[in-house]
Amino acid sequence: MNQKLEDLLQLALQTSEETRERTEELNVGFNGIERTWELIVKYHGSLDVLSVLNVQIEYLIAGYAVLTVPEGLVERVVELEEIEYVEKPKRFFYEVTNPVADSCIQQLSGQGFSLTGKGVLVAVLDSGIDYRLPVFRHSDGSTRIRYLWDQTLRSDTFSDVDIGGEERRLGTEGGSTGIGDDGMSAEFVESARRPPAGFRQGVEFGAAQINAALQADTPQQQFMLLPTVDTSGHGTAVAGIAAGYSGGGGNTSPFGGAQYYSGAAPEAELLIVKLGLPDAASFPRTTEIMRGVTWAVRKAQELQMPLAINLSFGNSYGAHDGSSLLERFMDNAAEIGRTVICVGSGNDGASAGHLAGRLGRIDGAGAGSGQTMQGVGTSASGIGRTVSGISTAARTADVEIAVGEYESSLSIQLWKNYSDVYRIRLRAPGGQESELPLSVENGKYTLRLEQTEVLVYMGEPTPYAAAQEIYLELIPSGRRYINSGVWMVRLEGIEIVTGQYYFYLPSAAARSATTGFYRPTPEVTLTIPSTAAKVITVGAYDSTYDAYADFSGRGYADADRTIGVVTSGLVKPDLVAPGVGVTAPDIYGSYLPVTGTSFATPIVTGAAALLMEWGIVRGNDPFLYGEKVKAYLRKGARPLRGETELPNDRVGWGALCVASSLPG
């Protein structure tokens, strides 16, 4: 077992490609055509020596890099002294009323302040953008996007062409020019469009190229000049909420522009990253997000402008305690330059994807050793009793999981203290069960229950994380789907010090709505990387009822949490913003209501841009960035109905009210 490798990567490397392909997570990061692994590394010094091994290196910020490594060289590469720790990519998922009116933003746009985000960059890392829409253009029709990086485009499919006597660039698909019968001609030259400096994928476009496309006569010509498309509309909606503006007419656009619309920071300039998709049916990965954050931070430094980054993505894999490389990377990135990073808390609050509990010591000795955590959801047997109204934890717990029909695979994470030793039994819906070994050489163990194969990985603490993970991956055996019904994990305490345990299922977007824990725990349902300490974590509330939205990921409720780097007392989310029925532009030129923490987050991102405009651009406070912006937004937050004690794990410090966040 190599202590430099995270548990999930260790299991993936010990599992055949055929088996990995039947799982949702294990094959993420592997390129079956090129036979390479994409790896995230924390390093010191230089990794340039790896280039002689045909390892491709993309240096990120703060001692992180992405390596593309031939599959046969992974173990050799990891042994390099400069490499400290390695993780594989994970898939990320969208965290899918007038936001300005409900967040005290209008007060700042009027006389006295007139804050609009001017002079501040807003970076949106998402599914792309429809750059043609009037909400992303100045009154003269030119673009407000400074740079657009489409990670999905192939840089070697672009060539220079001459259209109407003016040299422009044309995108091609599969080597074809894509030129129709409209009279366009093309003269190809050797120069090609490239990814941003230091990166290997996609194509970067500047404002001049975007404006050239906007001036084209037809949508076909626009696409040929700038072939980037937001097929889902998610990124377009997020960018519009953060920084869109349409004054009700006057914009030159095939969509018109007669409807008035204003996002939170309507004069901020935009950096757009269309996150790469490894295949048509998948979602962006950790590595695409880390590349995008690095690119945005570097662009802000190049342009010498303050930066607010919006991330409306999340993933449920990990201890949710700040220990993963992605969480640490976000903390480091938030400290570079004049930067603020806003991340949605996710939509897993009511998805039944998390369960936490505590096993007690058989003699009840030790302070608090026999008490359950608030919100525990287990079916316990053994020594359960009540003393002075406090339920004493049992020595065993039965954790029941409802698995819906047609689940092609399902992963179950168990995170615990390494000091605690549990006997673990797994039971399938038909009653067949098996006991897991207490320890396994190299960590991997495989068993079969009914028509389901179970891959087990018994992890250990690492140099970067004290928690122990036990990972179960259920995949079908001899059929298309795993056994549906009630699966049960029985925990029995052998050596109990704290007795705490934390179960997680995949994000709600990656499993059936009928799959989840029978008695879930809503606390600590934040998605990663909203668990990073130095980002601004944004939850959602329903502005119609002025109340917490139950789908919104909840934060840390464990006053005595003892695993991971999250210390007792850290509150997440930081605050909430409207996330139900938020009006946003769509890719068809109209405006529709959208719901989710994905759409609460850009309201806060825009609010951060307003504060930085007031402080940095206007000279009132040149140090108004990073944790200081978070502190100001927390201070200005207002109470919500039903939240009697703030801060808390549901709404943090309360609802965004940016007008109250300015000092004085």
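Here is a short set of exercises with worked solutions on the structure above.

The model is predicted, so local features need pLDDT of at least 70, side-chain atom pairs count only at pLDDT 80 or more, and totals for chains, interfaces and linings use all residues. Residues are numbered from 1 along each chain as its sequence is written, and side-chain values use heavy atoms, with hydrogens and water left out.

**Exercise 1: an open sheet**

Work out which strands sit at the edges of the open sheet of 6 strands, and say how the strands are ordered.

*Solution.*
- Start with the vocabulary: strands (E, at least two residues) and helices (H or I, at least four) are DSSP runs, numbered from the N terminus. Two strands pair if DSSP finds at least two bridges between them.
- Next, write down the order, β18-β30-β23-β28-β27-β26, with antiparallel pairing.
- Now look for strands that pair on one side only: these are β18 (354–358) and β26 (444–449).
- For the geometry, the twist averages 15° from one strand to the next. Axes here are lines fitted to C-alpha atoms (for helices over the stretch in contact), and angles run from 0 to 180 degrees between N-to-C directions.
- Finally, zoom in on one pair: β27 (residues 452–458) and β28 (residues 468–476) run antiparallel and share 7 bridges. Pick Leu 455, and its bridge partner in β28 is Glu 473.

**Exercise 2: β29 and its partners**

Find how many bridges join β22 to β29, and how many join β24 to β29.

*Solution.*
- As background, strands of a sheet pair through backbone hydrogen bonds, either parallel or antiparallel.
- Take β22 (residues 396–403): 8 bridges tie this strand to β29 (residues 485–495), in an antiparallel arrangement. Within that pairing, Glu 400 has Met 488 of β29 as its bridge partner.
- Then take β24 (residues 421–427), which pairs with β29 in the antiparallel sense over 7 bridges. Here Arg 425 is matched with Arg 490 of β29.

**Exercise 3: two helices**

Compare the end-to-end reach of α11 with its expected span, then do the matching check for α9.

*Solution.*
- The expected span of a helix is 1.5 Å times one less than its number of residues.
- α11 (residues 597–617) has 21 residues and an expected span of 30 Å; from first C-alpha to last it reaches 29 Å, close to that value.
- α9 (residues 286–303) has 18 residues that should span 26 Å, and its end C-alpha atoms are 26 Å apart, so the two agree.
- Now for burial, where buried means under 20% relative accessible area, exposed means over 50% and partly exposed lies in between (1.4 Å probe, protein chains only). In α11, 20 of the 21 residues are buried. In α9 the figure is 15 of 18, so this helix is largely enclosed by the rest of the structure.
- Last, check what comes after each helix. α11 is followed by Gly 619, with a positive phi near 80°, while Gln 304, just after α9, has a positive phi of about 55°.

**Exercise 4: the largest cavity**

State the volume of the largest cavity and describe its lining by class.

*Solution.*
- A cavity is a set of points, on a 1 Å grid over the protein atoms alone, where a 1.4 Å probe fits but cannot get out; lining residues have an atom within 4 Å of a point.
- Grid points are joined across faces, edges and corners, and a volume is the space filled by probe spheres set on the points. The largest cavity comes out at about 280 Å³.
- Its lining has 27 residues, and the closest to the centre are Glu 6, Glu 87, Tyr 317, Ser 324 and Trp 415.
- Split by class, that lining gives 11 nonpolar, 7 polar and 9 charged residues. Ala, Val, Leu, Ile, Met, Phe, Trp, Tyr, Cys and Pro count as nonpolar, Asp, Glu, Lys and Arg as charged, and the others, Gly among them, as polar.
- β5 (83–87) and α10 (325–333) each supply at least two of the lining residues.

**Exercise 5: unusual backbone**

Locate Pro 529 and Val 524, and say what their backbones do.

*Solution.*
- The baseline: most residues other than glycine have a negative phi, and most peptide bonds are trans.
- Pro 529 lies in the loop between β31 (516–517) and β32 (536–542), and a cis peptide bond with omega of about 20° joins Ile 528 to this proline.
- Val 524 is in the loop between β31 and β32, with a positive phi near 60°. Its relative accessible area is 2%, so Val 524 is buried.

Key:
On a 1 Å grid over the protein atoms alone, a cavity is a set of points where a 1.4 Å probe fits but cannot get out, and a pocket is an open set with protein on both sides within 12 Å along at least five of seven lines; lining residues have an atom within 4 Å of a point.
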